[in-house]
Every structure is written in C-alpha cells, then in structure tokens.
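I opened this notebook to record what I looked up in the structure. The entries begin with a single pairing and then widen in scope.

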Amino acid sequence: MFRAQLGGILESFRKLVELDLSGIPPAAQASPATGTMRDDVPAASLTRDEALANAPAVEDGYVVVPPVIEEEGAGAS
Amino acid sequence: MMSAHSVSPADWPAWELRARYRRGEVRPTEVVRAVLERIAAVEPRIHAYLYLDADAALGEAARWDAIAGRDDAPPLAGVPVALKDNLCTRGVPTTAGSRILDGFRPPYDATVVVRLRDAGAVVLGKTNCDEFAMGSSTENSGFGPTRNPWDPTRVPGGSSGGSAAAVAAGEATLALGSDTGGSIREPGAFCGVVGLKPTYGRVSRYGLIAFASSLDQIGPFARDVRDAALLLRQIAGRDPADATSADVEVPDYAALLTGRVDGLRLGVVREFLGEGVDPGVASAIRAAIRTLEGLGAQRVDVSLPHAPYALPAYYLVAPAEASSNLARYAGVLCGRRTARDGDLIGMYARTRDEGFGAEVKRRIMLGTYALSAGYYDAFYLRAQRVRELIRREFEDALNTVDVLVGPVAPTPAFPLGERVEDPLQMYLADVFTVPINLAGLPGVSVPCGFAGALPVGLQIVGRAFDEATVLNVAYALEQAIGTDVCRPPIVAETRSPHP
C-alpha cells in the first residue's frame, strides 16, 4: 500500500523539475535567524525523577533498554 | 423569539464575558458550568476533546470568581479555553493525537500555556487533532475523528479540528491550535470560526510538540475577530526558551480594530480563484471581496505564478523535518514501548510500528527519502529553493498591496472518509494555505459566507509581523456580515429542550 501511494505522491511532485531555479538559494526557513540567543545564565531545571517520570522502564535513575552488547563473547569495548 | 445573546454564557465571546463580569451579571464558575453543560450535550456527536478535567476547570474558575469583575483583573480572567493536544501541559495527558504518546504527562507547561494561565484563562482540557498535526481532517487522530458541528457527517478540517469544533459548538470560548501548513486556517474555515496563523516567530513554540520546526506556529481560534485579537496579544512575543521567537513589539491588536479599510490595497490572488475551486466557495469569496470594495478597499489583481509549486515543496520540506523530529519516539524516554521482546533496534522499530498511524509513517518515509543521499539535491534542496522563490514572490506582492486575499481551501468541509484512502487528495485541501507557511507570513481565516449549508472562510494574508492589518480587514468584513449568522445548528438544538 505505502509503495504505491508514495510512488504516486513523488510522481506528482515531479512538476518541481519544470522550474528554472538558477540563482535561487535554498531557504531553510522564511526569516533568517537573527541571533536572538538568550543570556547564558544557569536556571532551575527538571530533577532527575521528573525527567525520568515518563520513561517506560527505569532502574536506579537510569533508563532501561534491551541489551545492546551480548553478554557472552563480548569484545573489548 | 429569544435573542442569540440571552441564552447560554457558553456562546458569549470573551470580550462580552469580561464586560459582564465587571457588571456583576455572571461569575466565572457559572460560565464554566454552562460550557461543561454544552460539552455534555454535544460531545457525544462531536468528539472535540481528548481530555477534559471538569473539576480542575471549576476549581480554577472559582479562584477568579472574586477577581474577574475588578478593573485590575488580568485580560482573560475567568475565560474558558481549550488547548490542542500537541501543547504540553504540566501533569496533564498530552498525546498530540498519537497512540505512541499514550500516558505521557509532560513535566512542564508550554510557554503559551503559562501565558494563558497568567492572563487568567481557565483551561478546560485538550482537543483532538491529526496525529502529530499531520492531516487536514482530524481523521488521522489515533483516538478517533472529530465531527463538524455544522454537519456531523463531515470533517471539521485539520489538523486542529478539535479546537475549531469546540469553539464553533460553544464547548470553549477560545482555543489554541497550531498551523504548519493550514492546520488553524482550514479547520477555522470548515467550522465557521476565526483562526489565525501568526507570522513565523511571533509566538513561542516552546512546549509545542514539533512537527516541522521551520513552519510550525501556534495561534488562536475564536468566534469573532476581537476575541482572536485579545488571545493573540496574550500569547505573542519574545520567549528566551525559543530562539526563533522574534523580539518584535506586540501591539494591542484589539484596540487597533477600527473596521476601516478605505484606501487599503486588497490584492486578489488570481491563482487562488482558478480551476478546482468549488463554485459555492468561489462565489462566497467573490462576494466578500465585493463587500470589502464597498467599504472603500481598492482591489488590485495579483498573480503569484509560483504559488502552485508550493504544495509539492511543502510536502517535501515538512516531512523531511518531521522525519528528524519524530526520531525521538523510540520507546525510551517517554510514551509507550512495545511489549514484544527483542534487541534495541528491534524494540525501536516495533514501538514505532505499533505506535504511529499510517499518515505519520508515510511522511517519515517521504521525509527520509527526500533527505537521502542521491535524492537530496533532486528533492529536498530543490524544494528549499522553491521555498525561497515563493517567499520572494509574496514579499514582492506585499510591497504593492497591503494584504492578499483568497479562499482558505478549495472546498467546504468534505464528508468523513472521503479522502482517507487517497493521501494526495487530502494534501490538496492545503493548496492555498501551505504557501503562507513557506513564506512565514501571517494569515487569518474569517467566516465570509456559505457554500450550501457549510461555512466558507476568506483567507487574508499580510506582511511579516503585521497581524494588526490582517485582523482589521477581517474585522471590517465581520462587521459588514455580522457574527450571529455563523452559529452551527447543533447550538440551536441545545437551546430547545423539547424538540
């Protein structure tokens, strides 16, 4: 289903090829960021418990995920 | 015969609530109770809300009972508002319409939510939307569709369909939505309410669940233009937590509503009234333009020849950004995780396969494809160049006219189910709204008439950060048409207990 749908969508987008875009630079956003950075001042942040409260699996303050490295025969890390 | 303004406080605009609070005619708890009654009456047919906390809303309202009538009360004291469910609310479920965020309770409030609470607004709950704001009908919600209050067999538009329907049906006085490619303006048009997409950078996106970060903007829904102006003023302005929020002065939009448009140069976009526009929509739009001309606006025909290329450019740029933003949903830090066993990569894949709906998967695939080596230049980079071309074209046009006008969408609200199997048809609903996001400009949808029994919205687009002019043109039209005509039949039904 996805293959046919995406094929049709991309086909309809081929009209972009018609355009002469020489001399037009790509725009990542409409208004170039004007360097409005905030002051670099430390402020209150979430506690560890708050930050982990939504994680599906937590143990001892860490997020738990399935093993990435096999236990037996694991090479040097 | 009862007057439209004598029946339920659920139908009063926010500015009228404020006046009545001052005169001591009604209290916030009574208003919130009336809105909760309306919700109970119509919600089984509309499904605008994903989460509602009546007790919390009544508790908040009670805090304002003694204060809302005072001269120094904050601007939205005791006004019931609804929030699109992609806005983070501290400790309150926030899903963005996605099953993958089932159970998520954000640890902080979005900046707009903080500002609304500071302004005295009473939060009722969270409204339904297309999953991660990807859609034009709210049918892509993981929690079932919302229905249009004008005709429950039809869609309310999307992606902010729940917010639009809630305001239309008197299930909230005001609401917030987000607009990445038309997601405020299109449901505003379909539901017969005012919906404004501000200039990119006008409103902080901090706490908005990201879809396409260079296009997303939060904006107001209201039953009249004055209310939209009041709400915009409260949420707009620089926020240190969002580096893209602009440090541009926020005017008192409501005070600037004069309703005078004499001498205003009204650009009528030729490409927006061509083939493919429903005849009922086209005739309502033409009538609205004549009304504005009758008020003294000077009609100027404008051509934006590259506007038709905005749709494919948008549907490459937005999915590309989405494919990056949505990579964080992997069952690790928040939301749900697959129950099936497997290794880490398998866990990511199964979590996403189970948690994301079909449209979100389509867009992630489209986006990663457009960004992939070998296709990047042909698709993504080309789309970004087209974006610049369109941005310049709008800039040039708005150097010769004050606003651009046309329809919000080519059709009125379409039947539920009509386009769910055909994504390209669904995307076509956005053909007149996406160019404005690519150009970063402000655009409003204001009710301007009907196509059959369905409301039609006029889109008014202005210069960057000139929401004041856009709102004033909408106000002029609204004053000429009147707001009482634009209430859905479902509201009248709730007023006659013995049908």
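Entry on a single bridge. I worked on a predicted model. I looked up B:Y51 and found that its bridge partner is B:K126, in β3(B).

I then examined the strands involved. β1(B) pairs with β3 of chain B, residues 122-127, in the antiparallel sense, over 3 bridges.

Entry on the sheet. I traced the order of the strands in chain B and obtained β1-β3-β2-β4-β6-β5-β10-β11-β9-β7-β8. These 11 strands form an open sheet with mixed pairing. I noted the edge strands of chain B as β1 (49-52) and β8 (298-302), each of which pairs on one side only. From one strand to the next, I recorded an average twist of 30°.

Entry on helices against the sheet. I found helix α3 of chain B, residues 54-65, packed on the sheet, where it touches β1, β2 (80-84) and β3 of chain B. Its direction makes about 155° with that of β3(B).

I next looked up helix α8 of chain B, residues 279-294, which lies across β7 (265-269), β8, β9 (403-407), β10 (443-451) and β11 (454-461) of chain B. Helix α8 of chain B runs at about 110° to β10(B).

Entry on the contact with chain A. I recorded 45 residues of chain B in contact with 34 residues of chain A. On the chain B side, the helices that each supply at least two residues include α9 (310-325), α10 (344-355) and α11 (358-371). The largest share, 10 residues, comes from α12(B). I sorted this side of chain B by class and listed 26 nonpolar, 7 polar and 12 charged residues.

How values were computed
Residues are numbered from 1 along each chain as its sequence is written. Chains are lettered from A and ligands numbered from 1 in the order in which they are written. This is a predicted model: local features need pLDDT of at least 70, side-chain atom pairs count only at pLDDT 80 or more; totals for chains, interfaces and linings use all residues. Two strands pair if DSSP finds at least two bridges between them. Helices (H or I, at least four residues) and strands (E, at least two) are DSSP runs, numbered from the N terminus. Axes are lines fitted to C-alpha atoms, for helices over the stretch in contact, and angles run from 0 to 180 degrees between N-to-C directions. Two residues are in contact if their C-beta atoms, placed from the backbone, lie within 7 Å. Ala, Val, Leu, Ile, Met, Phe, Trp, Tyr, Cys and Pro count as nonpolar, Asp, Glu, Lys and Arg as charged, and the others, Gly among them, as polar.
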